[in-house]
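Q: I would like to learn how to read the features of a protein model, one at a time. Where should a reader begin?

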Amino acid sequence: MKYISTRDKSKEFEFKDVFLKGLADDGGLFIPKNLKKFTEKELNEFSNLNYIELANKIIAPFVDDFISGKDLEDLISKSYSTFREKNVVKLINVGDRKVLELFHGPTLAFKDVAMQLLGNFYEYYLSKEDDKINIVVATSGDTGAAAIEAIRGKKNINIFVLHPHNRVSPVQRKLMTTVKDKNVHNIAINGNFDDCQNLVKSMFADHNYAKSIRMSGVNSINWARIIAQSVYYFYSFYLVKNDKGPINFSVPTGNFGDVYAGYLAKKMGLQIGKLIVATNQNDILHRAISSGQYYSEKVQETNSPSMDIQIASNFERLIFDLNNEDDHETSSVMQKIKSEKKYDLDQSKLDKIRKDFLSSSADEKKVISLIKKVYESHKEILDPHTAIGYGGFDDVELEGTNIVLSTAHPCKFPDAIFNAINIKPDLPDELKYISNEKENFDLLDNDINIVKQHIKEKIQ
């Protein structure tokens, strides 16, 4: 499988380039030149597979020039060996809908599903190449911890994680800052998540700098993460496929990566009904899908910090599709968004979007109300992000089976849970130690030159 950039279709890339670079040199996002679509026979055969077998079938076509079949099988098995669920994820009933728990990995978030695999891809690559890699990543809370857990202690690779100072939950922060491995570097930025993201994008855009430090990225724009996340759509689909009616998913999302993975699964042939883009009050995606106004506003701090985002990086991949895979038009749109912070979607594009996507949003009051309502009715505790996804099905009318993606363990957001139901959910026993561990991070101003120099000094 060959890959192209959303902003320049003239160059072709292999999977190695795609996962190591993360972002194309022209600023675009990588996508397959020709997407694999599974036959009806293949899709039927998939229904009998366990999670790891299914992951191998779905991921293999995307990486066949990078890793042999047997090595891929071993790597996938290794990636999920530390998960608390044998089949990686768990589907439960909560009222009239189903909840897919994706938080059974080492850092209690759905990001582990993709990040553990990505970390092992790096290790596999570096074991065969005389090379060193420096990963630089921005996090709104969960990505950083998952990336650190996937990279810590690995040879010939450093990881630098930028998080917004005092804008992630204490549990999210401590899962990052209490790690002692010497190849892990935490940087707190005086600013919000979009500031962190812009710093990382600026470093990638400075090709001389990025090349000088052998920079790589694992944010949700990395195509390897999208592939890995598409697997649990297939897996949960097969768990309920004998139910009546279409199968719909509600996905709490800020950067459009997790819900795009569902869209990818649908494009590969999975008969998904609708995908609900469920946002908090930083609702640029909801406004875009409901009214056509993709307008960036000031980021509001909420109790669902992983969604405190205005510019949704992965939305560019959908824009590419909406513009009939016209790379020049996509590039023009993205430049407009960068300079004007807005993009108007006309009715024809909205009609295209609504074939696959619906949207909803929940403000702070509604999130707390949803957590309380679900607990009182069903004795299940949802984290704020999952509650937003759960509420997505209240805001739209859909027939069939409705699945909510549960993206994080509620113990990562104790204050929000306590405000809703007067309970502070405990950390799993194996993670309770972080409460008393010393934290280690550097606090820097939101200044690209300061951050670049800091990283360079740490590498040396």
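A: Let us begin with handedness: a crossover is called right-handed if, with the strands pointing away from the viewer, the path from the first strand over the helix to the second runs clockwise. This is a predicted model, and in it strand E10, helix H11 (residues 257–267) and strand E11 make a right-handed β-α-β unit.

Q: How do E10 and E11 pair, and over how many bridges?

A: E10 and E11 (residues 272–279) pair in the parallel sense, over 5 bridges, and one pair of bridge partners is Ser-250 with Ile-276 in E11. E10 is also joined to strand E15 (residues 401–406) by 4 bridges, again with the strands running parallel; there, Ile-247 has Thr-401 of E15 as its bridge partner.

Q: Which residues of E10 point one way, and which the other?

A: In a regular strand the side chains alternate between the two faces of the sheet. In E10, Ile-247, Phe-249 and Val-251 point one way, while Asn-248, Ser-250 and Pro-252 point the other way, and all of these are buried. The strand, residues 247–252, is accordingly described as mostly covered, with 6 of its 6 residues buried.

Q: What is the order of the strands in the open sheet, and how are they paired?

A: The 5 strands of this open sheet follow the order E9-E6-E7-E8-E16, with parallel pairing. Strand E9 (215–216) and strand E16 (442–444) stand at the edges, and each has a single partner strand, so one side of each is left without a neighbour in the sheet. At the E9 edge, 2 bridges join E9 to strand E6 (residues 133–138), and Asn-134 has Met-215 of E9 as a bridge partner.

Q: Is His-185 buried or exposed?

A: The cut-off needed here is that buried means under 20% relative accessible area. His-185 has a relative accessibility of 14%, and therefore counts as buried. His-185 lies in strand E8 (residues 184–189), and, leaving aside residues up to four places away in sequence, touches Asn-158, Ile-159, Phe-160, Val-161 and Lys-458.

Q: What span should helix H16 have, and how far apart are its end C-alpha atoms?

A: One may compare an expected length with the length in the model. At 1.5 Å a residue, the 15 residues of H16 (residues 364–378) should span 21 Å, and the end C-alpha atoms are 21 Å apart, which agrees. Just after H16, Lys-379 takes a positive phi of about 60°.

Q: Which residues of H16 are buried, and what do they pack against?

A: The buried residues of H16 are Val-367, Leu-370, Ile-371 and Val-374. These cover an arc of only 95° around the axis, which puts them on the same side of H16. Their packing partners are strand E4 (90–94), helix H17 (384–395) and helix H18 (414–421), whereas the face turned away from the buried side carries the exposed residues Lys-365 and Glu-376.

Q: How many helices and strands are there in the protein, and how compact is it for 460 residues?

A: The protein has 19 helices and 16 strands. Its radius of gyration is 20 Å, close to the 23 Å that the globule rule gives for 460 residues, so the protein is as compact as a globular protein of that length. Buried residues make up 60% of the 460 residues, and, among contacts between residues at least 6 apart in sequence, 75% join residues at least 24 apart.

Conventions
Residues are numbered from 1 along each chain as its sequence is written. This is a predicted model: local features need pLDDT of at least 70, side-chain atom pairs count only at pLDDT 80 or more; totals for chains, interfaces and linings use all residues. Side-chain values use heavy atoms; hydrogens and water are left out. The expected span of a helix is 1.5 Å times one less than its number of residues. Buried means under 20% relative accessible area, exposed over 50%, partly exposed in between (1.4 Å probe, protein chains only). The arc is that of the directions from the helix axis to the C-beta atoms. Contact means heavy atoms within 4.5 Å. Two strands pair if DSSP finds at least two bridges between them. The radius of gyration is taken over C-alpha atoms; the globule rule is 2.2 Å times the number of residues to the power 0.38.
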